[in-house]
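Trainee: I would like to learn how the labels on a structure are earned. Please take me through them one at a time.

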Amino acid sequence: MKIFCIGRNKTGTTSLEIALKSLGFRMGNQAQGEMLLDDWARRDFRRIVTLCKTADAFQDVPFSMPWTFQALDLAFPGSRFILTVRDTPDDWYQSLIRFHTKIVGKCRIPTADDLRDFNYRYKGFLWRSAQINYGVNEHTLYNKELYTGHYMWHNQMVMNYFVFRPQDLLVLNLKDSESMLKLCNFLQVPYTGQSMPHENKSG
């Protein structure tokens, strides 16, 4: 059984990674996954599937992106999928904006040129990711309606896909006081009263 964290970035995926590690699951190499961004853009999942043979659980790009979960569901039958969500689409959008502002370090919302110049994985990765994820250009970068619409579309697509298989999908808001209990029950591992970690906050 594989565990795929398929919530969009900035929905608590780093905290979920720490929680899964604490439960004894081996996490996949995030850097290797992110370097397969262009494979995902071509809908070529072969190297992504190969990566998934190296560990128990995976999160963030390309696992947080549409279409990946369908391909992995076919490649690894019986796997479990976790859709992390925020309270509202606006909460998610504001968290994304704060995080990008923080890491790019310009004390303002980044521009397209900022993202092209920023060196994460490789120079321009953040700009390439924005283009591939949201179809943005210089004028639509961080457009709230575009981004939140994509967030809602992705979540709805996941829930529609698993509508008749509730045992395979956990929709999880990490702010829920029982989120760790729900995670343990979903993965059928013992719950000992531990709390969900909260890491990588961008506030």
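Mentor: Start with the term for cover: buried means under 20% relative accessible area, exposed means over 50%, and partly exposed is in between, with a 1.4 Å probe and protein chains only. This is a predicted model, in which local features need pLDDT of at least 70 and side-chain atom pairs count only at pLDDT 80 or more, while totals for chains, interfaces and linings use all residues. Residues are numbered from 1 along each chain as its sequence is written, and side-chain values use heavy atoms, with hydrogens and water left out.

Trainee: Why is W67 called partly exposed?

Mentor: W67 has 34% relative accessibility, and that value falls between the two cut-offs, so W67 counts as partly exposed. W67 sits in the loop between strand 2 and helix 5. Helices here are DSSP runs of H or I with at least four residues, strands are runs of E with at least two, and both are numbered from the N terminus.

Trainee: What makes the phi of W67 worth a remark?

Mentor: Phi of W67 is positive, about 80°, although W67 is not a glycine. Most residues other than glycine have a negative phi, and most peptide bonds are trans. R43 is also listed with a positive phi, near 60°. R43 belongs to the loop between helix 3 (37-41) and helix 4 (46-51), and with a relative accessible area of 39% R43 is partly exposed.

Trainee: Which peptide bond is cis?

Mentor: The bond from V61 to P62 is cis, with omega near 0°. P62 lies in the loop between strand 2 (57-58) and helix 5 (68-75).

Trainee: What makes helix 5 "mostly covered"?

Mentor: Six of the eight residues of helix 5 are buried. They are T68, F69, Q70, A71, L72 and D73. These buried residues pack against strand 1 (3-5), helix 3, helix 4, strand 3 (80-84) and helix 9. Contact here means heavy atoms within 4.5 Å.

Trainee: How do you know that H100 is buried?

Mentor: The relative accessible area of H100 is 14%, and the cut-off is under 20%, so H100 is buried. H100 lies in helix 6. Leaving aside neighbours within four places in sequence, H100 is in contact with P110 and Y142.

Trainee: Why is the pair K21 and E17 called a salt bridge?

Mentor: The term asks for a side-chain nitrogen of Lys or Arg within 4 Å of a carboxyl oxygen of Asp or Glu. For K21 and E17 the N to O distance is 3.7 Å, which is within the limit, so the pair is a salt bridge. Both residues lie in helix 1 (residues 13-22), four residues apart, about one turn of the helix. K21 is partly exposed at 48%, whereas E17 is buried at 12%.

Trainee: How do you know that D90 and K144 form a salt bridge, and what do they tie together?

Mentor: Their side chains meet at 2.5 Å, N to O. D90 is in helix 6 (residues 89-104) and K144 in helix 9 (residues 144-161), so the pair ties together parts that are 54 residues apart in sequence. D90, at 29% relative accessibility, counts as partly exposed, and so does K144, with a relative accessible area of 39%.

Trainee: Is D114, in its salt bridge with R108, buried or exposed?

Mentor: D114 has 10% relative accessibility and counts as buried. Its partner R108 is partly exposed at 38%, and the two side chains meet at 2.5 Å, N to O.

Trainee: How many salt bridges are there, and which residues form a network?

Mentor: The count comes to 15 salt bridges. D39, R42 and R47 are linked in a network of them.

Trainee: What makes the protein chain as compact as a globular protein of that length?

Mentor: The chain comes to ten helices and six strands. Its radius of gyration is 17 Å, close to the 17 Å that the globule rule gives for 203 residues, so the chain is as compact as a globular protein of that length. That radius is taken over C-alpha atoms, and the globule rule is 2.2 Å times the number of residues to the power 0.38. Of the 203 residues, 53% count as buried.
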